[in-house]
Amino acid sequence: MGRWIEVGDRAWARRHAELDLTLGLVVGDRACLVIDTGADEGQGAAFAAAVRELTDLPWSVVLTHAHFDHCFGTAAFGECPVWAHPGCRADLAATGEAQRSAWVEHYRQKGDSEAADRLARARVVLPDRPVETTAEIDLGGRLVRLAHPGPGHTGHDLVVHVPDSGLVFAGDLVEQGAPPSFGDAFPLAWPSALDRLLDFAEPTDRADRLEPTELAELAELAELAELADRAEPAGRADLADRADLTDRGDRAELVEAAYRVYRAELAEPRTVVPGHGEPVDAAFVAAQRAELAEVAGLCRAFAAGELTRAEALARSPYPEPFISDALARPVSS
Ligand SMILES: [Zn+2]
C-alpha cells in the first residue's frame, strides 16, 4: 500500500504505486504534521496507520492543494486541525463532487471498481485552518513553515518548509516521473512560485532573537555546524563537545541554536518532496523551473497570436496532452 522514505531528521515521504503519489510526515517533540492524506478514506486510513508506526504524537494535517488524490483521505485522520490555503477550501467545496464523479468514472472504465467504490464513499473534509500567505506550526522543538508561493500548479498551492532539515514538501508544484500537470494551473506564474520555493533560506526567527555577541559566537560555530551537518547525529554531539563555550551556563542551548541557525542558513532546500514521484534535489527543481518557463513563453506567444497551436506543440518540452492543457489556461492569474 505504501513505503516510507526517510528524507530528513524525523521527516519522511510515503510513496504509493497508485498515481505515483507521495505523502509526507514531519515529527517534532510534541506533535506531528501530516502532509496530504491520499485519494480516499481507505488510502487515508492506511497512511494514518503507517504514521502510527512511527509516532504516537497528536497530528495536524496540511493539504497542499484541492486535487482529490491529495485530500480525499482526510476524514481518516478524525478530528484534527486541517491547514490549507483558503482557495483550497473554496475549490474543494466547489469542485469536490465533480472531481469525485470524474475519477469514479475513470476507475470504472479502467475496471478498478474497488478504487471507484472507495472514492465514491469518501467524505470530503473542508480545511479549517486558513493560510493566506505563510504560517508557522510549532511541533515542539521544531518549527515548520507553510507558505503559499503564488499561483502555480493551482491558484492555491501550499508548500511545507522544514528549515532545520533543508526540506520542502512541494505538492504538485514539483513533479518527478511525469510532466507537471496543467489542468488547473497558472502557467505564466508557475516559474516564480518555484523561485520562491528555491529561495527558502531566510534566517530563522530564532536568529532574530539572539544578541549580536551570541551571533558572533554562532558565526565561529559555523564550521562546526557544517561538520555536524555532514555527520549527524554523531557530528551533533561532536559539535557540543568542541564548542568553546564552557563558561556559559546555557552552552548546550547555544550549541543547539547554532546548529539550527546554520542548518536554516544553508537551507536552500536540499531535498524537495514532490506530490508525485521520488524526492529530488534543488537542481532538479531548477531544471523543471526552466522547462516551466519555456511553457510560460509558449503560452504567452500563443495567446498573443504569435504562435500557432502546432508551433507551440512542436516547441514544447512536454508532450500532449500536457501542453494543450497549458495553452488552454488563462494567461493572467
Ligand atoms: Zn495536483
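Where does Leu19 lie? You'll find Leu19 in the loop between strand 2 and strand 3 (22-27). Keep in mind as you look around that this is a predicted model.

Leu19 is a handy place to start, since its phi is positive, about 60°, although it is not a glycine. Most residues other than glycine have a negative phi. How buried or exposed is Leu19? It has 16 C-beta neighbours inside 10 Å, so Leu19 counts as partly exposed. Step back along the chain and you meet Arg10, in the loop between strand 1 (3-8) and strand 2 (11-15). Arg10 is not a glycine either, and its phi is positive, near 50°. With 19 other C-beta atoms within 10 Å, Arg10 is partly exposed; the cut-off for buried is 20 or more.

Now for the whole thing. The protein has 333 residues, and 44% of them count as buried. It contains 13 helices and 12 strands. Take the contacts between residues at least 6 apart in sequence: 66% of these join residues at least 24 apart.

Let's go inside. The largest nonpolar core has 76 residues, and Leu33 and Val62 are the ones with the most contacts inside it. What does Leu33 touch, leaving aside its neighbours within four places in sequence? The answer is Val26, Trp59, Ser60, Val62, Ile137, Leu139 and Val144. So that list for Leu33 includes Val62, its partner at the top of the core's contact count.

Next, have a look at a pair of helices. Two packed helices are described by the angle between their axes and the distance between the axes. For helix 3 (residues 86-110) and helix 4 (residues 113-121), the axes come within 7 Å and cross at roughly 165°. An angle over 145 degrees counts as roughly antiparallel, and therefore helix 3 and helix 4 are roughly antiparallel to each other. Helix 3 passes helix 4 in a left-handed crossing. On the helix 3 side, the contact is made by Arg100, Trp103, Val104, Tyr107 and Arg108, and on the helix 4 side by Ser113, Ala115, Ala116, Leu119 and Ala120.

Stay with helix 4 for a moment. Its residues Ala115, Arg118 and Leu119 are buried. They cover an arc of only 95° around the axis, which puts them on the same side of helix 4. Helix 1 (41-54) and helix 3 are included in what covers these buried residues.

Helix 5 (residues 190-198) can be read in a similar way. Which of its residues are buried? They are Trp190, Pro191, Ala193, Leu194 and Leu197. Their arc around the axis is only 155°, so they sit on the same side of helix 5. The buried residues pack against strand 10 (159-162), strand 11 (167-175) and helix 11 (282-303).

That last neighbour deserves a visit. The axes of helix 5 and helix 11 come within 8 Å and cross at roughly 160°, and therefore these two helices are roughly antiparallel to each other. Their crossing is left-handed. Trp190, Pro191, Leu194, Leu197 and Leu198 in helix 5 meet Ala282, Val285, Ala286, Arg289, Leu292, Ala293 and Ala296 in helix 11. Pick out Leu198 from that group: with 17 C-beta neighbours inside 10 Å, Leu198 counts as partly exposed. How far apart are the C-alpha atoms of Leu198 and Ala286? They are separated by 7.8 Å, while along the chain the two residues are 88 residues apart.

From helix 5, hop over to strand 11, where Val174 lies. Val174 has 28 C-beta neighbours inside 10 Å, so it counts as buried. Leaving aside its neighbours within four places in sequence, Val174 is in contact with Val272, Pro274, Val280, Val285 and Gln288. One of these, Val285, is also among the helix 11 residues that helix 5 meets. Val174 and Gly152 are 22 residues apart in sequence, and their C-alpha atoms are 9.8 Å apart in space.

Finish at Pro321, in the loop between helix 12 (309-315) and helix 13 (322-327). Most peptide bonds are trans. The one that joins Glu320 and Pro321 is cis, with omega about 0°.

Terms used:
Residues numbered from 1 in each chain as written. Predicted model: local features only at pLDDT ≥ 70, side-chain atom pairs only at ≥ 80, totals over all residues. Buried ≥ 20, exposed ≤ 12 C-beta atoms within 10 Å, placed from the backbone. Helix = DSSP H or I, 4+ residues; strand = E, 2+ residues; numbered from the N terminus. Arc of directions from axis to C-beta. Contact = placed C-beta atoms within 7 Å. Core = buried A, V, L, I, M, F, W, Y, C linked by C-beta atoms within 7 Å. Axes fitted to C-alpha atoms, helices over the stretch in contact; angles between N-to-C directions. Parallel < 35°, antiparallel > 145°, perpendicular 65-115°, else oblique. Left-handed = near helix turned anticlockwise from the far one by under 90°.
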